[in-house]
Amino acid sequence: MDENESTFGLSEEQHTNVIIHIDIDCFYAQVEEIRDPTLRDKPVGIQQKNIVVTCNYVARTYGIKKLMLLTDALRLCPDLVLIKGEDLTPYRQMSNKIHSVLLTFTPHVEKLGLDENFLDVTHLVNARISQNNGDDLNGIIDENRLPGCHLFPEYETLSSCGCGCEKRLTYGVRLAREIRKKLFDELEITSCAGIAHNKILAKIVGAKNKPNKQTVLIPSCTNDVMIGLDSVRCVPGIGQKAEQLLNEIGVRSVKELQDMDFSVVQKMFGYETAIKYKNWSFGIDKSAVIASGKSKSISIEDSCRSISIRTDVEDKFRLLLIRLVNQVAEDGRIPLAVKITVRKYDVMKKTSHRETKQANILPSLFKEAGNGKITLVDNGQEKLLKIVMRLFERVVNLKLPFNITLLGLAFSKFQEARTQVSRSIANFLIRTADLEVQSITSLSSDGLQSIKNYQLRGSPTQMDFDTISEASHASYSSDISESEIEPSPKKNKFSFSLAKRRCLATNSTTETASPSKLRVAELRLNSKESDSADVHMQSIHDIKSTTTVDNVVPCVVVPTNRSNAASTETSAGAAAIVADIDTSNAQTSSGHAATAMHVSNSTTFPPIVDPEVFKELPFDVQEELLNQWSTSHETTTTTESHANVLTVKAIPGTKKSKNNTLHRYFITNN
DNA sequence: CAGCTATAG
DNA sequence: ATTTCTATAGCTG
């Protein structure tokens, strides 16, 4: 079979899904018009620096376009009302409200920027079809005989492909109307919608009729839409670079991309990208609507003419930091990394070059502020600013002249705020266990997040949770001024091997009887697999598929996503692990502190918990902890320790032991 | 992992 | 004169 036909050919894709793309009309301008309704009949431009980034439709009648220079815009329209829009806070807030409204229809809502969303309404449509069997529908044409409702192509009398897509899309059209109506009724927001059987087509077709209109694509006319696009650049996902490359070999239209030899596309972009581009050119898009979760980073940046002295840099960073911390405070999660962005002035006509540096930061810089929000601790701002300036000095040599045209700050690696329980876990662990494990963060009941965040941080002393990170850090870093920066990954790796060596040594000499002195440093469980050989991360998937090692494998207890019934319906994996533990060993002199064990029937403890300590806790705390553990512990592994940690037999059953990266880690380190 | 690029709004 | 302010995914070392 010809690959071109089978993989990229026309009418390859099924029409079984119904996707709605929602695009808010002139988003920034609408937000401003809602704040000040007198703006509605005036030309309004949103200004960032000396650019009019967007404008309302009145302004567009003057010929004002997005990203137009301020001077050009004013020349076209001297009466243009300009609104400063450099701070995106009001737009972000409205964007969140919009997202919330959309979520009342379906959880399958994917954000694209502040003003666009994809909704996968397939399940809603199917539910309606099965409920009333389509009896209340007269078909897609009738459904579109309402103002603002369009077909693409407009003249088309529906030529059904016989797959039932007409009925599905008819309900999709109706849903889109309901969605847009709700946005208007509740938020006074007008929007455009595109309805189609995949994301790319929904987006493209939704732009056919604007503003405050909606358009549904007749699936059999997919190729008409694609061929009708002005250039390959109009295909969402094909950006400037790809367009330029394609133009260089004479490919400008979508049709020309369709007709390109696949091998040529592959040579230019690689196999995966070539497949995507080829498919897109035919209007085929197999990507799913991915529900947008919380943001993975929160950033802020400010461009400027030129900053050439250190104090100006520091002042700018301080202002950025204050604004950024406010955003993070609202978010409620605690960032574990900070990143700076610097754009140096250069006569580089190339891409506006940005340099970034990031450092890990300690969660103790933040504290809870109640109502799910957080704030900086008392001296947190100065400490952060110090870190930021140190990062800056890694980018810019202050002894040489410099010229900065943009500064940016970002927080990332978010962790759920410390809860009462995790605090108490940390506290009793620290005070009681001679095990030198200092903090366990985020043992929330949110399973997935727990997996990502569950980490054992190395730290040398027993102290109170809140002060420990600073003190602990002193031992990692010889540089005092760096004391708020978390050990970098390299340092972590370093300290880990150090710790390992130390515990081995300890072990073989005097302290054999005190195995819990093991320092577990920076054993992070990441949710993504990494293939690099020296990686010391272990994804939960790896662990789940960990198996079959015929001998003994090092393990660490990890939490995982579980239902609340976990204590009774213990998974096979967890049961196997617990059962395989040498319990006599566990309860006696060595290794008990790091051993998973049973308490009262089938409840499992994390290995680091001393049951004696546990019994001392208030009953409600006990209960909460047990509940959390039962919902979050499914699979079990433990660090190898040649005596410090009890070794546990691997889970028998699955077959991918070679892909066990944790296992590999120990092998490469031994 | 950190840092950079491409993409999108 | 590809500029503004963000956010994400993917590549590379």
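**Exercise 1. The surface near DNA strand C**

How many residues surround DNA strand C, and which are the closest?

*Solution.* Step 1: count the residues around the strand. In this predicted model, DNA strand C is surrounded by 20 residues. The closest are Ser295, Lys296, Ser299, Ser303 and Ser352.

Step 2: assign residues to elements. Strand E3 and strand E11 (297–307) each supply at least two residues of this surface. E11 gives the largest share, seven residues.

Step 3: sort by class. The surface near DNA strand C has seven nonpolar, seven polar and six charged residues.

**Exercise 2. The surface near DNA strand B**

Which elements give two or more residues to the surface near DNA strand B?

*Solution.* Step 1: start with the neighbours. There are 24 residues around DNA strand B, and the closest are Gly113, Gly239, Lys241, Ala242 and Thr356.

Step 2: look up the elements. Helix H11 (240–248) and strand E13 (355–360) give two or more residues each. The largest share, five residues, comes from E13.

Step 3: sort by class. Eight residues of the surface near DNA strand B are nonpolar, ten are polar and six are charged.

**Exercise 3. The six-stranded sheet**

What is the strand order in the open sheet of six strands, and which strands are at its edges?

*Solution.* Step 1: read the order. The strands run E6-E7-E1-E9-E10-E8, and the pairing is mixed.

Step 2: find the edges. Strand E6 (109–112) and strand E8 (149–152) each pair on one side only, and these are the edge strands.

Step 3: add the twist. From one strand to the next it averages 20 degrees.

Step 4: place the helices. Helix H5 (residues 89–103) packs on the sheet and touches strand E1 (19–24), E6 and strand E7 (116–120). The direction of H5 makes about 155 degrees with that of E6. Helix H8 (residues 165–187) also packs on the sheet, touching E1, E8, E9 and E10. The direction of H8 makes about 165 degrees with that of E9.

Step 5: check one strand pair. Strand E9 (residues 191–196) and strand E10 (residues 214–217) are parallel, with three bridges. Alanine 193 has glutamine 214 in E10 as its bridge partner.

**Exercise 4. The partners of strand E2**

In which sense, parallel or antiparallel, does E2 pair with E5 and with E3?

*Solution.* Step 1: take E5. Strand E2 (residues 44–48) pairs with strand E5 (residues 81–84) in the parallel sense over four bridges. Valine 44 stands opposite valine 81 in E5.

Step 2: take E3. E2 and strand E3 (residues 51–55) run antiparallel and are joined by four bridges. Glutamine 47 has valine 52 in E3 as its bridge partner.

Step 3: inspect the turn. The hairpin of E2 and E3 has two residues between the strands. Lysine 49 in this hairpin takes a positive phi near 55 degrees.

**Exercise 5. Two helix packings**

At what angles do H5 and H6 pack against H8?

*Solution.* Step 1: take H5 and H8. The angle is about 135 degrees, and the axes are 10 Å apart. That angle makes H5 oblique to H8. The crossing of H5 and H8 is right-handed.

Step 2: list the contacts. Lys97, Ile98, Val101 and Leu102 of H5 meet Ile179, Lys182, Leu183, Glu186 and Leu187 of H8. This contact has six nonpolar, no polar and three charged residues.

Step 3: take helix H6 (residues 122–132) and H8. Their axes come within 9 Å and cross at roughly 110 degrees. So H6 is roughly perpendicular to H8. This crossing is right-handed.

Step 4: list the contacts again. Leu124, Val125, Arg128 and Ile129 of H6 meet Lys167, Arg168, Tyr171, Gly172 and Leu175 of H8. Five nonpolar, one polar and three charged residues make up the contact of H6 with H8.

**Exercise 6. Backbone exceptions**

Where do proline 153, proline 211 and leucine 67 lie?

*Solution.* Step 1: recall the rule. Most residues other than glycine have a negative phi, and most peptide bonds are trans.

Step 2: find the cis bonds. The bond from phenylalanine 152 to proline 153 is cis, with omega near -5 degrees. Proline 153 is in the loop between E8 and H8. The bond from lysine 210 to proline 211 is also cis, with omega near -10 degrees. Proline 211 lies in the loop between helix H9 (199–206) and E10.

Step 3: find the positive phi. Leucine 67 has phi near 60 degrees. Leucine 67 lies in the loop between helix H3 (57–60) and strand E4 (68–69).

Note on methods:
Residues numbered from 1 in each chain as written. Chains lettered and ligands numbered in written order. Predicted model: local features only at pLDDT ≥ 70, side-chain atom pairs only at ≥ 80, totals over all residues. Pairing = 2+ DSSP bridges. Axes fitted to C-alpha atoms, helices over the stretch in contact; angles between N-to-C directions. Contact = placed C-beta atoms within 7 Å. Near = placed C-beta within 6 Å. Nonpolar A, V, L, I, M, F, W, Y, C, P; charged D, E, K, R; others polar. Parallel < 35°, antiparallel > 145°, perpendicular 65-115°, else oblique. Left-handed = near helix turned anticlockwise from the far one by under 90°.
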